Structure formats: structure tokens, C-alpha cells
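Q: Got a new model to go through. Can you walk me over it, starting with the surface?
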Amino acid sequence: SIKNSLASGAGNNQVMDRLTVIERRLKNIEDKMTAAPAGEPTAKQQMPPSEDYNKFYNIEVGKSYVKGKKDAPVTIVAFTDIQCPFCARFHTPFQEALKAYPGKVNFIVKNYPLPFHPAAKPAAKVALAAGEQGKYFEMIDALLESQQMLNDDGYKEAAKKIGLNVNKLMKDLKDKDAEYEEILNKDTQLSSSVDVRGTPTFFINGKKTMARDVESIKAAIEKELAAKGGK
């Protein structure tokens with residue numbers, strides 16, 4: 001009937017209207033997707049630049065402890081998070097390499113506790129407290145060897161192991177917390193100025209190095225010694 005034909009026509013109009021709306025929405029989506037590549041250069045600009053391993057960084061010793069002769073011709077600086085498993089893994093080969101160059105190489109730890117490692121900062125303070133008794137590097141070694149024990153009981157056990165006065169260690173931790181906090185903050189600020197992006201980051205005479213095994217570390221040291229006339 002005519003009435004039914006009109007009803008049918010009205011229904012078709014409604015369908016067409018809805019299709020038009022859908023088409024407009026799809027076009028908006030397509031337009032946004034087409035425009036997306038224009039934003040890519042900005043994203044690329046935000047990517048960190050590639051490392052320049054020939055760039056020299058002036059890393060001040062500050063209040064950091066120095067292992068070895070302070071005036072040694074080669075200085076290795078390690079930005080370390082004591083809870084970081086990679087820091088523990090690569091600490092040992094660097095210590096092994098150091099032994100091969102007595103008087104020629106020194107070693108400095110700068111603390112870079114990562115925010116997702118809650119035990120890193122307290123552990124760094126424990127090492128600083130151990131330094132009050134002349135056992136800073138011994139405590140660093142002990143903590144990196146036993147990362148599963150980065151708690152009060154573990155600290156006390158490590159202190160006994162390396163021959164510390166445990167009561168003095170715990171007292172210094174409490175009494176000198178503000179001083180240790182300041183040292184850690186300065187280390188963290190320094191890390192930003194020398195382009196440290198993660199842990200561990202090692203520098204040999206102010207230049208970043210990718211050396212991670214004993215032989216490559218020795219090779220890097222030999223190169224620096226040769227540049228200084230084999231001193």
C-alpha cells in the first residue's frame with residue numbers, strides 16, 4: 001500500500017542518515033590517523049641521543065671514597081645502584097682488573113639509587129657508615145655479593161663479616177643520616193650532568209666505557225696508561 005511504501009521510505013531515510021553519521025566519524029578517524037606521522041619527528045627528538053664514548057666528562061671526587069692511590073694515572077668511576085643485579089655482576093671484573101695495576105688505577109663509587117629499588121638508598125648509606133670505620137669498599141663488596149640481604153639483619157651480618165663495630169655502624173646510620181642523604185643527592189645531581197642513564201655506568205678517565213669483562217677492562221686501562229706515557 002501507499003502507507004506502507006511511505007513507512008518504508010521513512011525507514012530508508014533513517015538508515016541513510018545513520019550511514020552518513022558513521023561515514024563522518026570514520027573520516028574523522030582516518031584524518032587523525034593520516035595526521036599522526038607529522039608527530040613522529042617530535043617523538044624522535046625526544047629519544048636520547050646515541051652515546052659518544054669519546055666525550056670527556058669532568059667527574060669531581062667530592063666526598064666519595066677512593067680505592068687506590070688518589071693520584072693514580074687512571075681513575076675508574078662507577079655509578080652504582082647497590083640493589084641492581086647488573087651492578088653486582090660487573091663489579092667483580094672491575095675489581096679483578098684493578099688488582100693487576102697496583103698504584104696505577106683507582107676506583108670511585110658514585111651512588112645512583114634507582115627509584116624502583118627501595119633498598120638501594122639505605123644500602124648506600126650503610127656503606128657510607130662503614131666508611132666511618134675505614135671499610136667503605138669492603139661493605140660495597142659485601143652488599144653487592146648478598147643483594148638478597150639488603151635489610152637491617154643483612155647489614156649487621158655484613159658488618160660482622162668485615163670486622164666492623166656493629167653498634168657504631170647503626171649509631172652512625174642514625175646520627176649522620178642527613179649528611180649521607182646530602183652525599184647521595186649530590187651523586188644523583190652529578191649523574192644528570194654526566195649523562196648517566198642507568199646502572200651500572202662506568203667511566204675510565206672521564207670517558208664512558210662499555211668494557212665489562214676483565215680482559216676488555218684491562219685493555220681500556222692499558223690504552224689510558226699508554227696515552228700517559230706508561231706511567
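A: One definition before the number. Accessible areas here come from the Shrake-Rupley method with a 1.4 Å probe. Also note that this is a predicted model.

Q: OK, what does the accessible surface of the chain come to?
A: About 13900 Å². Carbon and sulfur atoms hold 54% of that.

Q: And how many of the residues count as buried, in percent?
A: 39% of the 231 residues. The cut-off for buried is under 20% relative accessible area.

Q: How many helices and strands are there?
A: Nine helices and five strands. Starting at the N terminus, the order is α-α-β-β-α-β-α-α-α-α-α-β-β-α.

Q: What share of the contacts is long in sequence, 24 or more positions apart?
A: 79%, counted among the contacts in the chain with a separation of 6 or more.

Q: Switching to empty space. How many cavities of 30 Å³ or more?
A: Two. The largest cavity has a volume of about 50 Å³, and the second largest holds about 30 Å³.

Q: Which residues line the largest cavity?
A: Ala-78, Thr-80, Cys-87, His-91, Phe-107, Val-109, Ile-140, Leu-144 and Phe-202.

Q: What elements do they come from?
A: Strand 2 (74–80), helix 3 (85–99), strand 3 (105–111) and helix 5 (136–145) each give at least two residues to that lining.

Q: And by class?
A: Seven nonpolar, two polar and no charged residues line the largest cavity.

Q: What about the lining of the second largest cavity, by class?
A: Five nonpolar, two polar and two charged residues. The residues are Lys-63, Ser-64, Tyr-65, Val-109, Asn-111, Leu-128, Tyr-136, Ile-183 and Asp-187. Strand 3 and helix 8 (177–193) are the elements that give two or more of them. Val-109 is in this list, and Val-109 also lines the largest cavity.

Q: Now the open sites. How much space lies in the largest pocket?
A: About 250 Å³. Its lining has 16 residues. By class, six are nonpolar, five polar and five charged.

Q: Which of them lie nearest the centre of the largest pocket?
A: Lys-67, Gln-95, Glu-96, Lys-99 and Asp-141.

Q: Which element gives the largest share of that lining?
A: Helix 3, with seven residues. Helix 3 and helix 5 each supply at least two.

Q: On to rings. How many aromatic pairs?
A: Six. One of them is Tyr-57 with Phe-203: the centres are 5.6 Å apart and the planes at 80°, so the pair is edge-to-face.

Q: Where do Tyr-57 and Phe-203 sit in the chain?
A: Tyr-57 is in the loop between helix 2 (40–46) and strand 1 (66–67), and Phe-203 is in strand 4 (residues 201–204). They are 146 residues apart, so to speak from distant parts of the chain.

Q: Are the two buried or exposed?
A: Both Tyr-57 and Phe-203 are buried.

Q: What other ring pairs with Phe-203?
A: Phe-79. The centres lie 5.7 Å apart with the planes at 65°, so Phe-79 and Phe-203 are edge-to-face too. This pair also links distant parts: Phe-79 in strand 2 and Phe-203 in strand 4, 124 residues apart. Phe-79 is at 0% relative accessibility, so it counts as buried.

Q: Which rings form a cluster?
A: Tyr-65, Phe-107, Tyr-136 and Phe-137 form one aromatic cluster.

Q: Backbone next. Which peptide bond is cis?
A: The one from Thr-199 to Pro-200, with omega near -10°. Pro-200 is in the loop between helix 8 and strand 4.

Q: What about Asp-195, where does it lie?
A: In the loop between helix 8 and strand 4. Phi of Asp-195 is near 60°, a positive value in a residue other than glycine. Asp-195 is partly exposed, at 28% relative accessible area.

Q: And what is phi for Asn-205?
A: About 50°, positive although Asn-205 is not a glycine. Asn-205 is in the loop between strand 4 and strand 5 (207–209). Its relative accessible area is 17%, so Asn-205 is buried.

Q: Last one. Where is Glu-222?
A: In helix 9 (residues 214–227). Glu-222 is partly exposed, with a relative accessible area of 42%. Its C-alpha atom is separated by 9.5 Å from that of Tyr-101, 121 residues apart along the chain.

Notes
Residues numbered from 1 in each chain as written. Predicted model: local features only at pLDDT ≥ 70, side-chain atom pairs only at ≥ 80, totals over all residues. Heavy atoms only, no water. 1 Å grid on protein atoms, 1.4 Å probe; cavity = no way out; pocket = protein on both sides within 12 Å on 5 of 7 lines; lining within 4 Å. Points joined across faces, edges and corners; volume = space filled by probe spheres on them. Helix = DSSP H or I, 4+ residues; strand = E, 2+ residues; numbered from the N terminus. Nonpolar A, V, L, I, M, F, W, Y, C, P; charged D, E, K, R; others polar. Buried < 20%, exposed > 50% of the residue type's maximum accessible area, 1.4 Å probe, protein only. Contact = heavy atoms within 4.5 Å. Phe/Tyr/Trp six-rings, centres within 6.5 Å; stacked < 30°, edge-to-face > 60°.
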